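Thanks for coming, everyone. Please have the sequence and the model open while I talk.

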Amino acid sequence: MNTTKLIRLIIFGVVFILFINTSPEASTVIKKESGKWKLYVDSKEFRIKGVTFGEEVRKETIGRYLKDLKFLGVNTIRTWGTNEATQILLDSCHAYGIKVMVGIWMRHGRPGMEGDDNFNYLEDVKGMEVMYNDALQTVKKYKDHPAVLFWGVGNEVYLNIATDPEKKAYSLFLEKVCSAIKKEDPNHPIASVEAWTFGFNWWKEYCPSVDIYATNVYGSGANQIPEELTKLGIDKPYVITEFGVDGEWGVPVDKKGLKIEPGDNQKYDVIAKGYKDWIENKSNCLGVYVFHYEVNKGNHGAVWLLLYYNGMYRPQYWATREAFTGKKPVNHVPVINTFAVLDTTLPTGTWMPVKLDVLDVDNDALEISFHYNQRIGSRVRMDQINPLEYRGSLSEGFEVKVPQENGLIKIYAFVKDAYNNLGIAQTSFVVNNGKNAEKLIPGAKVTLPFYVYKDGVNPPYIPTAYMGDYKDLRVDAAHRQITYSGTGSIKITYDNPAGWYGLGFVDPPDDWGDKPGGYDVSGATKFTFWAKATNENVIATFGFGLIGKDKEFYDTERKSLKVQLTNQWKKYEINVSKSDLRCIRSGFTIFGGGIGEPYSIYIDDIMFE
């Protein structure tokens with residue numbers, strides 16, 4: 001063979017390999033065949049057997065979670081947006097043969113379950129430009145990644161927009177985003193996600209670039225989606241992007257006023273049987289994402305909906321495996337046949353008998369514990385699961401101690417077996433401390449030390465309470481250049497040579513005592529923080545507590561310390577050993593004024609300890 005032919009063969013081989021490795025690998029196609037919508041990945045039919053994914057993504061642990069998902073029969077996960085860990089997630093998913101529905105977040109038009117956003121699609125042109133550019137950047141960055149299944153643009157936006165003119169404006173913007181994505185990436189379909197069918201008519205009229213109608217639907221509602229599409233005259237494939245038992249929004253209340261949570265058996269059956277009866281056999285359904293895979297969550301929502309609770313297997317875990325693989329549990333979750341407390345009201349501190357009957361078919365050793373959940377107060381407080389003091393045994397019976405609350409609470413029985421399964425039952429109870437009981441709603445309970453600020457990561461309080469000449473104030477709550485410890489600090493810059501300013505870090509944000517919030521830091525003996533300034537003439541007053549008792553929801557304590565700062569980091573301390581710390585809504589406050597020239601203050605590691 002001569003040299004020229006050899007070179008041509010080598011070039012042809014390289015081109016062929018490149019074509020094989022890049023052209024079909026990242027391609028997802030929707031087809032309608034014999035009246036049935038189907039999804040194809042790399043020319044092979046792909047039936048969506050997914051879960052929504054919320055676990056923290058780190059190189060050291062992501063493989064363990066993905067291996068667990070493969071055990072469940074999961075072939076795709078759904079995210080709501082992207083962040084700095086998305087590349088790691090996509091790379092890891094590809095290594096495990098799991099595809100990703102990549103979320104692209106669209107802001108909500110009014111406060112809702114996803115947060116306290118309040119975006120105006122009629123007027124905020126700059127905000128829409130930011131979302132548009134972010135969406136396109138996401139697509140450009142990840143469109144060639146082989147783990148991408150399709151794009152999911154927005155989540156329950158119509159549900160969280162108040163008026164039809166705003167919904168139309170959002171629809172037009174959504175089409176602009178989706179059509180641009182389609183031009184940038186013709187190899188992946190585009191879905192948009194809504195609760196129930198709230199977006200279907202809007203997509204039909206204004207959003208032809210939406211290829212897949214995605215719906216978050218729970219319980220037997222999943223069985224009704226094809227009928228709803230037919231009523232609306234829509235011939236589109238759909239995917240269920242959240243699925244499980246009916247949530248709080250769709251269940252009745254008991255005689256005490258508590259939303260009746262489905263039992264563990266219902267939680268299992270809705271997924272295991274519901275998948276086969278309501279999802280798998282629908283001709284225009286591409287599949288389902290079960291809600292929700294987050295291993296280490298331990299709150300009210302985790303009890304109700306998640307596959308895990310604080311690392312323990314819930315019925316939804318094994319139900320997902322049966323739905324996707326047809327296999328029964330390796331070891332069964334303990335069944336609580338009876339769980340009941342007294343049908344009366346009792347004051348705090350009373351010992352109350354409990355009826356508990358438990359069955360474990362695998363005859364494992366069992367661990368029993370009791371917990372409760374507050375049903376009034378802030379969103380954070382109502383999501384907490386708190387331990388109950390209890391005594392007794394399965395053979396002799398149990399008693400629980402009525403907690404320091406007032407009003408309706410939810411009481412749980414937890415039964416853990418030797419296989420790390422957790423069975424849970426719940427009931428309602430009313431704590432009655434008399435007519436003279438204080439009306440105060442405490443803050444969410446915390447453990448000490450409690451960081452008001454640490455590196456700017458998931459801060460419990462947000463700097464939204466501006467006072468005085470706040471237009472001359474600049475606040476960077478995630479400053480990275482100058483820190484006392486860790487990766488972030490607060491930098492406050494005041495440009496006015498005179499005047500004064502005040503700033504409060506508060507919960508809930510943008511509230512001055514009209515809504516419940518704050519944290520219960522009872523037991524703390526001191527409040528500490530580190531601070532310094534760029535000018536040694538800076539005098540400022542630091543502390544916590546801002547809202548007085550003239551408001552319905554107030555700080556139970558207000559403390560402050562006036563100091564002259566130096567240009568070196570220094571720790572400051574306020575004694576709170578005799579303070580009422582049951583509800584601290586304003587976790588940090590600062591008041592200062594001009595010194596004749598601009599200056600900056602740096603603050604770090606604010607905590608109750």
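Start with Ser27. Is Ser27 buried or exposed? Ser27 is buried, because its relative accessible area is 17% and the cut-off for buried is under 20%. Ser27 sits in a loop, between helix H1 (3-22) and strand S1 (28-33). What is Ser27 in contact with, leaving aside its neighbours within four places in sequence? Tyr40, Val41 and Asp42 are on that list, and so are Asn187 and His188.

Now a word on confidence. This is a predicted model. The mean pLDDT of the protein chain is 94. Of its residues, 95% reach 70 or more. The stretch to watch is residues 3-24, where pLDDT stays under 50. For that stretch the model has five contacts beyond four places in sequence.

Next, two threonines. Thr52 belongs to strand S4 (residues 48-53). Thr241 belongs to strand S10 (residues 238-242). Thr52 has 0% relative accessibility, so Thr52 counts as buried. Thr241 also has 0% relative accessibility and therefore counts as buried.

What does each one touch? I leave out residues up to four places away in sequence. Thr52 touches Arg78, Trp80, Thr241 and Glu242. Thr52 also touches Tyr289, Val290, Phe291, His292 and Tyr293. For Thr241, the contacts include Thr52, Arg78 and Tyr289. Met101, Val193, Ala214, Thr215 and Asn216 touch Thr241 as well. One distance for Thr52: its C-alpha atom is separated from that of Ile271 by 14 Å. Along the chain, Thr52 and Ile271 are 219 residues apart.

On to the nonpolar cores. In soluble globular proteins, nonpolar side chains tend to be buried together. Here the largest nonpolar core has 94 residues. Which residues have the most contacts inside it? Leu69, Ile77 and Tyr121 do. Helix H5 (residues 164-184) gives the most to this core, namely eight residues. Apart from this core lies another, of 37 residues. Among them are Phe450, Leu503, Tyr519 and Ile601.

Back to Leu69 for a moment. Not counting residues up to four places away in sequence, Leu69 touches Val51, Phe53 and Val74. Leu69 also touches Ile77, Ile98 and Tyr293.

Now look along H5. H5 has 21 residues. From its first C-alpha to its last, H5 reaches 30 Å, close to the 30 Å expected at 1.5 Å a residue. The buried residues of H5 include Tyr170, Phe173, Leu174, Val177 and Ile181. Glu166, Lys167 and Glu175 in H5 are buried too. What covers the buried residues of H5? The cover includes helix H4 (125-142) and helix H6 (200-206). Strands S6 (99-104), S7 (148-155) and S8 (190-195) are also part of that cover.

Last stop, a sheet. The sheet is open and has five strands, in the order S25-S28-S34-S31-S32. Its pairing is antiparallel. Which are the edge strands? They are strand S25 (462-468) and strand S32 (559-564), and each pairs on one side only. From one strand to the next, the twist averages 20 degrees.

Zoom in on one pair. Strand S28 (residues 500-506) and strand S34 (residues 586-593) run antiparallel, joined by seven bridges. Leu503 has Ile590 in S34 as its bridge partner. Leu503 is a residue we have met already, as one of those in the core of 37 residues. Over to you for questions.

Methods: Residues are numbered from 1 along each chain as its sequence is written. This is a predicted model: local features need pLDDT of at least 70, side-chain atom pairs count only at pLDDT 80 or more; totals for chains, interfaces and linings use all residues. Side-chain values use heavy atoms; hydrogens and water are left out. A nonpolar core is a set of buried Ala, Val, Leu, Ile, Met, Phe, Trp, Tyr and Cys residues joined through side-chain atoms within 4.5 Å. Buried means under 20% relative accessible area, exposed over 50%, partly exposed in between (1.4 Å probe, protein chains only). Helices (H or I, at least four residues) and strands (E, at least two) are DSSP runs, numbered from the N terminus. Contact means heavy atoms within 4.5 Å. The expected span of a helix is 1.5 Å times one less than its number of residues. Two strands pair if DSSP finds at least two bridges between them. Axes are lines fitted to C-alpha atoms, for helices over the stretch in contact, and angles run from 0 to 180 degrees between N-to-C directions. pLDDT is the predictor's confidence in each residue, from 0 to 100.
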